[in-house]
Amino acid sequence: MAPHQSLRELPSVDRLLADARVEALLEAHDRAAVVDAARRALEGARREILAGRDVSDLAGRVEGELRAALVPRLRRVLNATGVVVHTNLGRAPLAPGALERVVEIGRGYSNLEYDLDPGSRGSRQDHCAGHLVALTGAEAALVVNNNAAAVMLALAALAEGREVVVSRGELVEIGDGFRIPDVLARSGARLVEVGTTNRTRVADYERALSEQTAVLLRVHQSNFRIVGFTEQPSLEQLATLARGRGIPLVDDLGSGVLGAFHDEPPVRASLAAGADLVCFSGDKLLGGPQAGIVVGRADLVDRLRRHPLQRALRADKLTIAALEGTLAIHREPERALREIPVLRMLNEPAAAVRERAVHLAALTGGTVEETVCRVGGGALPLAELPSFACALPEALAAPLRAGDPPVVGIVRDGHLLLDCRTLAHAELDEVARAVASARG
Ligand SMILES: *Cc1c(COP(=O)(O)O)cnc(C)c1O
């Protein structure tokens, strides 16, 4: 077709569909998609003509629209926010070793629920349990979709129709509407609140326990802190009380670190202090895939395993592959610090981050600025990680987000800060190219 210079010269959708090149597209795409693409191509052409530009190759535009519809919506993003466990940016990037497991298991068949030795049905829960038991000192372990599901399953299996005692200081909202009281209600258990927002004593729990009590729940104040006139019993005190009454103590740790990190309570310490079950996330400080992990007493884990909700909340094979891969790396703690991205980023000395910021500033003509990073993911809200960023004009923020790959930084005081704690050295050239094209 010849160039079109006025709206009148544009064909109708039907006429465009009759064009031989557009008609050929119907062989590979369904008709509705091609019609839709033709409509969008004509809309685009109309806008350009109104803007005073000539329009040519309408068939090519239809093809372009069809291609654009297939471009992935879920995209890799370069995280220059300095927030290591960024919930909006997908939380934990996976270690190469974990990713290899996903590719290998996803590509073909696997023994997901097959016991190779007798050649009969097995359980998907067996693949990660060994690592989890070794890493935490627990008797048994179970994996579900996320930690919200883990807490819900634990309460449903142990306390449905009965009471769960929780401190008022721990009735937290984690984000995206995950509120402990709601999860409790959905599990079919009844919430019994004890103490006050800032002070709860063992005696408060003691008074609330009755024949109806099924679980004593402790929730880690993962994403907030109460300071000042405060009091919470230690886990040991709660464990002594629970054990005396024959009631399980469930500890929702949220992040669940395996080693020591700031004042985050390690999973092993929680079990050693007497928690009967501990629930934590796979994709917070563990640095693995989204998953909910429950470790603890074998008889209780078994009750969770046999509960009908377990089937609905179970993790899929790709998650299990990534989690097993991540846990295997954790078995060698030094290797975990090098290879698990979340651990590497959180533990990297500020001087090393500064080197990358200097390098990025040289590549982009920016300046180096000292910053403070947050852990993110609802963990360690007060922890401050010293960091360094490359500062650029604020006007680059929007074009960088629109780039390919998008680069997301932080806008502060008229500057765009590209924090280098969450950018790998190998990503700096890519960021520099993105900045160059954002300057256009
Ligand atoms: C983050 C968190 C959860 C929810 O974990 P997800 O893996 O995001 O489902 C539950 N409880 C606590 C205390 C948390 O910090």
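Student: In which loop does Arg91 lie?

Tutor: Happy to start there. This is a predicted model, in which local features need pLDDT of at least 70, side-chain atom pairs count only at pLDDT 80 or more, and totals for chains, interfaces and linings use all residues. Residues are numbered from 1 along each chain as its sequence is written, and side-chain values use heavy atoms, with hydrogens and water left out. Helices (H or I, at least four residues) and strands (E, at least two) are DSSP runs numbered from the N terminus, and Arg91 lies in the loop between β1 (78-79) and α5 (96-107).

Student: What phi does His262 have?

Tutor: Most residues other than glycine have a negative phi. His262, in the loop between β8 (249-254) and α11 (267-272), is not a glycine, yet its phi is positive, at about 45°.

Student: Which peptide bond is cis?

Tutor: Most peptide bonds are trans. Look at Pro405, in the loop between α18 (397-401) and β13 (407-408). With omega near 0°, the cis bond is the one from Asp404 to Pro405.

Student: Why is one side of β4 and of β6 left without a neighbour in the sheet?

Tutor: Strands pair if DSSP finds at least two bridges between them, and here seven strands form an open, mixed sheet in the order β4-β10-β9-β8-β7-β5-β6. β4 (140-144) and β6 (190-194) stand at the edges, so one side of each is free because each has a single partner strand.

Student: Which residue stands opposite Leu142?

Tutor: β4 pairs with β10 (residues 292-296) in the antiparallel sense, over five bridges. Opposite Leu142, in β10, stands Val294.

Student: Which helix gives the largest share of the largest nonpolar core?

Tutor: A nonpolar core is a set of buried (under 20% relative accessible area, 1.4 Å probe, protein chains only) Ala, Val, Leu, Ile, Met, Phe, Trp, Tyr and Cys residues joined through side-chain atoms within 4.5 Å. The largest one has 38 residues, and Leu216 and Phe280 are among those touching the most other members. Its largest share is five residues, from helix α10 (residues 235-245).

Student: How far from the ring centre of Phe229 is the charged end of Arg199?

Tutor: A charge sits over a ring if NZ of Lys or CZ of Arg is within 6 Å of the ring centre and within 35 degrees of the ring normal. The charged end of Arg354 sits over the ring of Phe388, 5.8 Å from its centre. For Arg199 over Phe229, the distance is 3.8 Å.

How values were computed:
Buried < 20%, exposed > 50% of the residue type's maximum accessible area, 1.4 Å probe, protein only.
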